[in-house]
Amino acid sequence: MTAMQIVFILTAVVTLFAALRVVTTPNMIHAALWLIVALFGVAVFYLLLSASFLAMAQIIVYIGAIAILMMFVIMLTRREMRDRGPQTGPQWKWAAILSALLFGGLVWMVKSVSLPASPVAEVPESSIADLGRALVSPNGFVIPFEVASVLLLAALIGAVYVAWTRRNS
Amino acid sequence: MNSWLYIGIFVALSLFFPALLAVLGWFLGPRRPNPVKTDTYECGLETVGETWVQFKIQYYLFALVFLIFDVELVFLYPWAVAYNSLPLYAVVEGVIFIILLAAALVYAWRKGALTWS
Amino acid sequence: MGILSQPIGVIAEWLRNLFLGWGLSEGLTTVLLYLIGAGVLATLVQVWVIFLIWFERKIIGRFQDRLGPNRVGPYGLLQPFADLIKIITKEVIIPRDADKAVYLLGPIIMDAGVLAIWAVIPLMPMVGMDVNVAALYTIAVGAFATLGILMAGWASNNKFALLSAFRTVAQMISYEVPTVLALLIPVMLAGTMSLQGIVEAQHVWYIVFAPLAFVIYFIASVAEVGRTPFDLLEAESEIVAGFHIEYSGMVFAIFYVGDFLHAFTIGALGAVLFLGGWRGPGAETFPLLGLLYLWIKAFLVYFLVVWARGSLPRVRIDQMMDFSWKFLTPLALILLVVAAVLDHFVMGFGMWGRALSHFAANVVIAVLTLRYLDHYDKVRESKRRMVAQPGQYPVARPPVPVETSTEAAS
Amino acid sequence: MIPLDWYLIVAAALFAIGLFGVLSRKNAVAILMGVELMLNAVNINLLAFWRYRAPTEPVGMAFAVIVFAVAAAEVAVGLALFIAVYRRFNSVVADDINLMKW
C-alpha cells in the first residue's frame with residue numbers, strides 16, 4: 001500500500017462520512033458545513049488525479065460561493081435558530097433501498113469491466129494552458145465556453161428576477 | 001505532487017497553531033461560568049425575543065451575483081494562462097466572454113439588486 | 001553550492017542526510033523535512049505578527065500625535081508580550097446557547113485561511129513551493145476565512161453577531177470580485193499562475209505595467225480584511241464589536257492575530273504580484289537578499305494599509321457596496337479588456353516598450369475615470385436639494401427646492 | 001498507484017448518498033445539497049476517466065469546468081425559487097408546497 005493509497009482511503013472515508021451527515025443531520029447549518037467537508041474531500045480527489053486547477057476551482061466555486069450562498073438561504077428561510085423534528089419524509093426507507101440498489105448495481109458494473117490500474121500517461125506540465133487554448137479554439141470548446149457564459153448570464157437574470165421584488169423591504 | 005504534500009502539511013499546521021492557542025487559553029485561563037456570564041451579550045440587557053431576525057434578501061442577491069462572477073472568473077484563468085500563445089480571434093473570444101460578464105453586472109445594476117437600501 | 005547561494009538547500013540536504021543516517025525511509029524523511037520547513041515558516045510568520053501589533057500601535061500613535069506603547073521594554077517593544085500574557089490568563093467564555101464545536105472552529109478556520117496563504121509565497125529564488133495554480137490557491141484559501149466568519153457569527157447564537165457576520169461576508173465576497181479580476185492581469189502578463197513564475201517574469205515590475213490593477217488590488221484587499229476605512233462592522237469607536245462579540249480570551253485573540261496577519265499577507269501578496277517579489281540587485285546570487293527585499297516590499301505595502309487606517313474616515317455600508325460593485329468591478333473589467341487587447345499588439349515591442357505602452361494605457365484610463373467621476377459628482381451635485389449654507393444665505397431657512405432629491409427614492 | 005475502479009466506487013457511493021438525500025429530505029435546500037453531491041460524483045468520474053484514459057488532452061477538464069457552470073446556474077436559480085416560495089408559503093419544506101399537486 002503506497003502513501004497515495006493511504007491518502008486516498010482517508011479522503012474517501014472522510015468524504016463519504018461527511019456526505020452521509022449531509023443527508024441525515026437534522027440541523028440544516030450543520031448539513032451545509034458537512035457539505036463543505038465533503039466538497040473539500042472531492043477537491044482532494046481532484047488533486048490526487050493531478051487536476052490541480054479543478055481542485056482550486058472546486059474550492060473557490062463550491063466552498064467559497066455555493067456553500068456560502070446555501071448558508072445564506074438557510075439562514076434567510078427559517079424561523080428559529082434550531083431545527084426541530086425529523087427532517088426526512090416518510091419515504092426515507094424506500095429511498096434508502098433504492099440508493100443501496102443503485103450503489104450495488106454501479107459497483108457490479110465497475111467490477112464487471114476491466115479497467116486500467118494505472119494511467120496511460122502523465123499529465124503534461126502545460127495542462128492548464130492547454131485547457132485555456134481548448135476553451136477558445138474553434139476545434140475545441142469555444143461554443144460551450146460562450147454558451148456557458150450566456151447560461152450564467154441567464155441564470156443571474158432569472159434568479160434576480162425571481163428573488164427580487166420591490167415589496168420585500 | 002510533492003509540492004501538494006508540502007501544502008497539505010502547511011494547511012494542517014495552520015489549523016494546528018490556532019487550535020493550540022485555543023487549547024492554551026482554555027487550560028491557562030480560569031473557568032468559572034455562571035448564568036449571567038454565559039448569557040447572550042446584548043449591551044447588558046436581557047435578550048429580547050428569539051435569536052432570529054428576518055434578514056434582508058439583499059444579502060442573498062450580493063452572494064448570487066458573486067457566485068456568477070466567481071464561476072466566470074474561474075473560466076477566465078486558463079484563458080489568461082494560455083494568453084501568450086493565443087491568436088487574435090481567441091483573445092477576442094475572451095473579450096466577448098468578459099463583455100457578457102459585464103452585461104450580467106449591468107443587468108443586476110439596472111435592476112437595483114446592487115443598491116444597498 | 002555554499003550556504004550563501006543555497007541557504008535552504010544546504011540546510012535541507014544536511015537534515016536529509018541526518019534523518020537518513022538514523023535509518024528513516026526516503027518518504028518519511030521528505031515528510032519530516034516538509035514538516036520542519038512548514039513549521040519554521042508558520043512559526044516565524046506568527047511571531048512576526050506580535051511585532052506587527054507593536055509597530056501598528058506605535059505608528060497609529062504617531063499619526064494621532066500620541067507616543068503609542070512606551071512603558072514595557074525599550075520603546076514599548078515588549079508591550080504585545082505583556083498583552084499576550086494577560087489575554088492567555090483570561091477566561092474563555094462559551095455562551096450557553098452557542099453551538100460549541102462550530103463556535104470554536106470558526107476562529108481556527110478563519111486564522112488558518114490566512115496563514116495557509118504563506119505556503120505558496122515565493123520567499124526567495126528557488127525557494128517556496130511552486131505549484132502551477134498558486135494564484136488561484138491564494139483565493140481558494142481566502143474562501144475559508146469567509147467561511148470561518150460566517151461560522152463564528154452563526155454559532156454565537158446572538159442576533160447581532162449573526163447580522164454582523166452577514167454584513168462582513170457580504171463585504172468580503174463583494175470585494176473578492178475586484179481582487180480576482182485584478183489578479184488576472186499579472187497572470188495574463190506572466191502567462192502562468194505560479195507565483196514563483198510571476199516573480200521571475202517581472203523583469204519590469206508589474207506595477208509599471210498595471211498601476212491601476214495594483215490600486216484596485218490594494219483597495220479591495222484592504223476591504224476584504226475589513227481595515228479602516230472599511231471597518232464599519234467592528235467600528236471600535238461606535239459599536240461594541242462585530243461577529244466576534246461573544247468571543248473572549250484566547251479564542252478572541254485568534255481573530256485579532258488573524259486580522260493583523262491578513263494585513264501583512266496582503267502586503268506580501270501585493271509585493272509578489274506587482275512589486276517584483278524577491279527581485280532586487282544581487283538577489284539571484286545571494287537568495288537571502290531576496291528574502292530581505294520581499295520583506296521590505298511587503299512591509300511597505302503593509303505600511304500603506306496602516307497609513308490608510310490612520311488617515312481615512314470610515315465609509316457607510318451603502319457607499320462601500322457601491323464602491324465595489326459600481327466602481328471597482330467595472331473599472332477592473334475595462335482594465336482587463338484593454339490590457340488583453342493592447343498586449344496582443346505590443347508583445348513584440350521588447351520589455352520596456354511593452355511596459356510603457358501598458359503604462360500609457362493605464363494613465364489614459366485613469367485620467368478618463370477621474371474626469372468621469374468629476375462629471376458624475378457635478379451631476380449629482382446639481383440634482384441634490386438645495387440647502388442653506390452658512391455665508392451664502394443670510395437666513396437659516398433654505399430657499400424653495402428647485403428639484404426634489406432622486407436619491408431618497410432609490 | 002491507485003486503480004481506476006477505486007475512484008469509480010467512491011463516486012458511485014457519493015452518487016448513491018446524494019440520491020438518498022434528494023429522495024428522503026423534506027427541506028428543499030437539503031434536496032439541493034443532495035443534487036450537489038450527485039454532480040460532484042459525476043465530476044469525479046469525468047476526471048478519473050480523463051486521468052486514466054486521455055491525460056494528454058484537456059477534454060475531461062473542459063467537461064468538468066462546464067459541469068461547474070451548470071451546477072452554479074442550477075444553485076443560483078434553485079435558491080432564488082426557494083426564496084420566492086418562502087416569501088409566499090413561509091416554508092421551504094417540499095411537502096408544504098403543494099399548490100400544483102392536485
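1. Chain B is a suitable starting point. Of its 117 residues, 44% count as buried. The model is a predicted one, and every value in this note should be read in that light.

2. The fold of chain B is simply described. The chain contains 3 helices and 0 strands, and its order along the sequence is α-α-α.

3. Chain C may be described under the same headings. Buried residues make up 50% of its 410 residues. Its secondary structure comes to 13 helices and 0 strands, so that a reader who follows the sequence meets the pattern α-α-α-α-α-α-α-α-α-α-α-α-α.

4. The contacts within chain C deserve a separate remark. Among those with a separation of 6 or more, 73% join residues that are 24 or more positions apart. The student may wish to trace some of these contacts on the displayed model.

5. Which elements of chain C give two or more residues to the side that touches chain A? In this interface, 18 residues of chain C are in contact with 15 residues of chain A. The elements concerned are α5 (134-155) and α6 (159-190) of chain C. Of the elements on this side, α5(C) gives the most, with 9 residues. By residue type, the side of chain C that touches chain A divides into 14 nonpolar, 4 polar and no charged residues.

6. The interface between chains A and D should be examined next. Here 74 residues of chain A are in contact with 59 residues of chain D. On the side of chain A, the elements that give two or more residues are α1 (3-24), α2 (28-48), α3 (52-76), α4 (92-112), α5 (127-136) and α6 (142-163). The residues of this side comprise 59 nonpolar, 13 polar and 2 charged.

7. The largest nonpolar core contains 286 residues. Which of its residues touch the most other members? They are A:Leu69, B:Ile68, D:Ala72 and D:Ala76, and these names come from chains A, B and D.

8. A:Leu69 may be followed in more detail. Residues up to four places away in sequence being left out, A:Leu69 touches B:Ala63, B:Leu64 and B:Leu67 of chain B, together with D:Val75 and D:Leu79 of chain D. It is useful to locate A:Leu69 on the model and then to find each of these partners in turn.

Definitions and conventions: Residues are numbered from 1 along each chain as its sequence is written. Chains are lettered from A and ligands numbered from 1 in the order in which they are written. This is a predicted model: local features need pLDDT of at least 70, side-chain atom pairs count only at pLDDT 80 or more; totals for chains, interfaces and linings use all residues. Two residues are in contact if their C-beta atoms, placed from the backbone, lie within 7 Å. Helices (H or I, at least four residues) and strands (E, at least two) are DSSP runs, numbered from the N terminus. Ala, Val, Leu, Ile, Met, Phe, Trp, Tyr, Cys and Pro count as nonpolar, Asp, Glu, Lys and Arg as charged, and the others, Gly among them, as polar. A nonpolar core is a set of buried Ala, Val, Leu, Ile, Met, Phe, Trp, Tyr and Cys residues joined through C-beta atoms within 7 Å. A residue is buried if 20 or more other C-beta atoms lie within 10 Å of its own, exposed if 12 or fewer, and partly exposed in between; C-beta atoms are placed from the backbone.
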